[in-house]
Amino acid sequence: MPSSPKFFHAQHRTSPSPRRSTVLILAGCLLIGFSGFIFGLVAILGPGISPKRCSNAEPRTVRVVWERGAGGGNANGIDGDPKRHKIMGFVGIQTGFGSVGRRRSLRQTWMPSDRQGLQRLEEATGLAFRFVIGKTNDKSKMSELKKEVAEYDDFLLLDIEEEYSKLPYKTIAFFKAAYALFDSDFYVKADDDIYLRPDRLSLLLAKDRSHSQTYIGCMKKGPVFTDPKLKWYEPLSYLLGREYFFHAYGPIYALSADVVASLIALRNNSFRMFSNEDVTIGAWMLAMNVNHENNQALCEPDCTQTSIAVWDIPKCSGLCNPEKKLLELHQKESCSGSPTLASDD
């Protein structure tokens with residue numbers, strides 16, 4: 001009497017018949033052959049499949065800046081160690097979308113308006129200069145900026161929203177981007193409404209210093225702004241007390257490479273952000289073991305034999321009416337009498 005499939009299966013486990021063995025061998029051969037076909041097909045199609053998988057993977061690029069400028073070309077911050085341009089000091093001139101006139105005046109005074117001029121200035125002083133700006137959703141403004149970038153090639157573009165209320169975030173983004181692009185002894189934050197002597201700034205940064213972590217600026221102290229109607233109102237004033245701590249005026253200050261490296265190593269939100277950028281940086285400097293170097297030549301109200309940066313302290317946070325005042329100052333021999341400055345022609 002023939003066995004049922006179930007009974008036959010049970011018998012197979014204990015004592016397989018010759019006929020049964022033959023069937024299993026044939027089935028195994030077919031399975032092996034089919035598997036070989038599948039593996040062969042994958043091997044043939046694999047090269048065409050892999051790129052598709054790679055294209056769906058997360059990009060490795062951690063680009064936070066697109067930089068164009070003399071002596072550097074385009075440089076992107078990517079996973080790994082980008083090629084960093086070696087200089088003594090990198091000066092980032094903070095600017096905005098409403099500052100086209102200021103940039104025009106600067107290019108007619110102490111900052112060269114062409115790539116060759118920027119290169120000559122860098123060779124003479126050891127300093128590289130770029131306008132630093134973020135981005136905006138306004139397509140018209142971005143279009144105009146692209147035209148200006150193409151014409152002058154003197155920008156460092158940050159991947160951050162350009163807003164006055166976000167200046168502390170822009171400042172730290174600037175230091176991170178500058179450090180990734182330039183191997184510099186000092187990183188200088190400057191505003192686009194001051195008159196600067198690059199030759200004297202170069203001499204200041206070139207001095208021998210015993211402290212590797214240095215914070216250079218025109219230092220100040222003063223009452224904390226608690227009135228919401230004031231421009232420099234500080235919502236976190238209750239944490240600061242009545243008077244600000246010793247810190248540099250915002251229009252220009254410099255951080256040594258070691259200080260910037262420490263800032264970059266911080267995790268996001270490790271340090272508190274205050275409303276004002278200069279106060280924020282000053283608070284961080286207090287938390288770090290830095291040497292505060294006070295230099296009043298960085299905040300002169302007029303050009304002198306020793307002035308490095310000139311602006312209308314304390315009336316304005318830079319030059320009052322900078323577009324006009326920059327041109328007026330440049331006509332003075334006490335301001336423009338330097339072989340490293342841009343000529344009028």
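The torsion about the S-S bond of Cys 303 and Cys 335 is about 100°, so this disulfide is right-handed. That bond is a good place to start the tour; do keep in mind that you are looking at a predicted model.

**Stop 1: Cys 303 and Cys 335**

Select both residues and show their side chains. The two sulfur atoms sit 1.7 Å apart. Now colour by secondary structure: Cys 303 lies in the loop between β10 and β11, while Cys 335 belongs to helix α12 (residues 333-336), so the pair ties together parts that are 32 residues apart in sequence. Buried or exposed: which is Cys 335? Its relative accessibility is 0%, so Cys 335 counts as buried. Cys 303 has a relative accessibility of 11%, and because buried means under 20%, Cys 303 counts as buried too.

As a reminder, a disulfide is a covalent bond between the sulfur atoms of two cysteines.

**Stop 2: Cys 218 and Cys 299**

How many disulfides does the structure hold? There are three. For another of them, select Cys 218 and Cys 299, whose sulfur atoms are 1.9 Å apart. This pair links distant parts of the chain, 81 residues apart: Cys 218 is in strand β8 (residues 214-220), and Cys 299 is in the loop between β10 (291-294) and β11 (309-310). Set a dihedral about the S-S bond and you should read 40°, a right-handed link. Switch on the surface as well: Cys 218 and Cys 299 are both buried.

**Stop 3: Cys 316 and Cys 320**

Next, select Cys 316 and Cys 320, which are joined by a disulfide with an S to S distance of 1.9 Å. The torsion about this S-S bond is about 105°, so the link between Cys 316 and Cys 320 is right-handed. Leave the surface on for this stop. Cys 316 has a relative accessible area of 24%, which makes it partly exposed. Cys 320, at 25%, is partly exposed as well.

With the cysteines still displayed, try tracing how they connect. Counting bonded cysteines along the chain, the disulfides follow the pattern 1-2, 3-6, 4-5.

**Stop 4: strand β6 and its neighbours**

Hide the cysteines and select residues 182-191, which form strand β6. Eight of the 10 residues of β6 are buried, so the strand is largely enclosed by the rest of the structure.

Add strand β3 (residues 85-94) to the selection: β3 and β6 run parallel and are joined by nine bridges. Then add strand β9 (residues 247-256). Here the pairing with β6 is antiparallel, over five bridges. Which residue of β9 is the bridge partner of Lys 189? Centre the view on Tyr 253 to see it.

**Stop 5: Ala 190**

Stay in β6 and pick Ala 190. Opposite it stands Ile 93. Ala 190 is buried, with a relative accessible area of 2%. To see what surrounds it, leave aside residues up to four places away in sequence: Ala 190 then touches Val 91, Gly 92, Ile 93, Gln 94, Pro 251 and Ile 252.

Now draw a distance from the C-alpha of Ala 190 to that of Ala 254. The two residues are 64 apart in sequence, yet this distance is 8.6 Å.

**Stop 6: Ser 256**

Follow β9 along to Ser 256. What does the side chain of Ser 256 reach at 2.8 Å? Show the backbone of Ser 212 and look at its oxygen, for that is the partner. Ser 256 is buried, with a relative accessible area of 4%. Beyond residues up to four places away in sequence, Ser 256 touches Asp 185, Phe 186, Ser 212, Gln 213 and Thr 214.

**Last stop: the whole chain**

Zoom out and show everything as a cartoon. The chain has 12 helices and 11 strands. Of its 345 residues, 43% are buried. Among contacts between residues at least 6 apart in sequence, 73% join residues at least 24 apart.

Finish with the surface of the chain. About 19200 Å² is exposed, and carbon and sulfur atoms supply 55% of that area.

Conventions. Residues are numbered from 1 along each chain as its sequence is written. This is a predicted model: local features need pLDDT of at least 70, side-chain atom pairs count only at pLDDT 80 or more; totals for chains, interfaces and linings use all residues. Side-chain values use heavy atoms; hydrogens and water are left out. Helices (H or I, at least four residues) and strands (E, at least two) are DSSP runs, numbered from the N terminus. Buried means under 20% relative accessible area, exposed over 50%, partly exposed in between (1.4 Å probe, protein chains only). Contact means heavy atoms within 4.5 Å. Accessible areas come from the Shrake-Rupley method with a 1.4 Å probe; for residues, only the protein chains shown count as cover. A disulfide is a pair of cysteine sulfur atoms within 2.5 Å. A polar contact is a pair of N or O atoms within 3.5 Å; within protein, one must be able to donate a hydrogen and the other to accept it, and residues adjacent in sequence count only if both atoms are side-chain atoms. Two strands pair if DSSP finds at least two bridges between them.
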